[in-house]
Amino acid sequence: MRIIKASDYNEMSRCAANIIAAQITLKPDSVLGLATGSTPIGTYKLLVKGYQQGNLDFSKVKSVNLDEYCGLDGSHDQSYRYFMNTNLFNHVNIDMANTNVPNGIATDLEQECKRYDRLIEELGGVDLQLLGIGHNGHIGFNEPNEFFDKTTHVVDLKQSTIDANSRFFEKIEDVPKRASTMGIKSIMSAKKVLLVAGADKKDIIERALFGPITPQVPASVLQFHNDLIVVVSEK
Ligand code: F6R
């Protein structure tokens, strides 16, 4: 595990963007596992800038996102598909057909989860997985649990996650109660994992990276990953 302590959010974003840019430069047809949330927004801004300045080419990149709310169509402004389009995909030369987000409105969500796992397998797995972390230690939407969920599955979101995400919705009742998420096995199978965390995540980062490995702190499983980079912001 490599831990990079960035002085602030901007430096954290710069470090993370540089690592992703290096991945794309070394392997232009990389499969990127992508995350949403507040933390990676600065990273995506810098990747867009890198593309606009002619330093990055996304034309062969493929992407798989970690998760999506159940019940939200990709055109809903709080869906993770919308987030990815507006924060990254619409501003770089990635082929939209090569971008993947679980379908939150699939009629059969179980089948959709299976399709998503098959897709990741067909792509040859994830080369670099970008992750944020929830205050309760969730990664993707793998919430604290009695066991580690392996593959893509539908989860009931914890009240703490619903509360945390309500800042993006008009009313708390509008926050979806369920989400589809890649499982711990899919995340752990990524060749490289890049976890970004702001200063507000100091406590949970400490527990996840140096505490006991337990499904009660899903991110703690990352201690087993042999190519984990954590970029934490000091303030
Ligand atoms: C989002 C995701 C979540 C977030 C986590 C932290 O795709 O997978 O695990 O990374 O909830 O969110 P922020 O960055 O908003 O604190």
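Colleague: What makes H138 a polar contact of the ligand in this predicted model?
Modeller: A polar side-chain atom of H138 lies 2.7 Å from an oxygen atom of the ligand. A polar contact is a pair of N or O atoms within 3.5 Å, so this pair counts.

Colleague: How do you know how much of the ligand the protein buries?
Modeller: Taken alone, the ligand exposes 410 Å², and the protein buries 93% of that.

Colleague: What is the distance from the side chain of T39 to an oxygen atom of the ligand?
Modeller: An N or O atom in the T39 side chain is 2.4 Å from a ligand oxygen. For K201, the corresponding distance is 2.7 Å.

Colleague: Which residues around the ligand are closest?
Modeller: They are T39, D67, H138, G140 and K201, out of 14 residues that surround the ligand.

Colleague: Why is M1 called partly exposed?
Modeller: Its relative accessibility is 47%. Buried means under 20% and exposed over 50%, so a value in between is partly exposed. M1 lies in the segment before β1 (2-6), and M1, I3 and F210 make a nonpolar surface patch of about 300 Å².

Colleague: What makes β2 and β6 a pair of strands?
Modeller: Strand β2 (residues 31-34) and β6 have two bridges, in the parallel sense. Two strands pair if there are at least two bridges between them, so the requirement is met. L32 has L128 in β6 as its bridge partner.

Colleague: How do you know that β6 also pairs with β9?
Modeller: There are four parallel bridges between β6 and strand β9 (residues 192-197). In β9, K192 stands opposite L128.

Notes. Residues numbered from 1 in each chain as written. Predicted model: local features only at pLDDT ≥ 70, side-chain atom pairs only at ≥ 80, totals over all residues. Heavy atoms only, no water. Patch = residues over 30% accessible without salt bridge, like charges linked within 9 Å, V, L, I, M, F, W, Y side chains within 5 Å. Areas by Shrake-Rupley, 256 points an atom, 1.4 Å probe, with all protein chains shown as cover. Salt bridge = Lys/Arg side-chain N within 4 Å of Asp/Glu carboxyl O. Buried < 20%, exposed > 50% of the residue type's maximum accessible area, 1.4 Å probe, protein only. Near = heavy atom within 4 Å. Polar contact = N/O pair within 3.5 Å; in protein donor to acceptor, adjacent residues only side chain to side chain.
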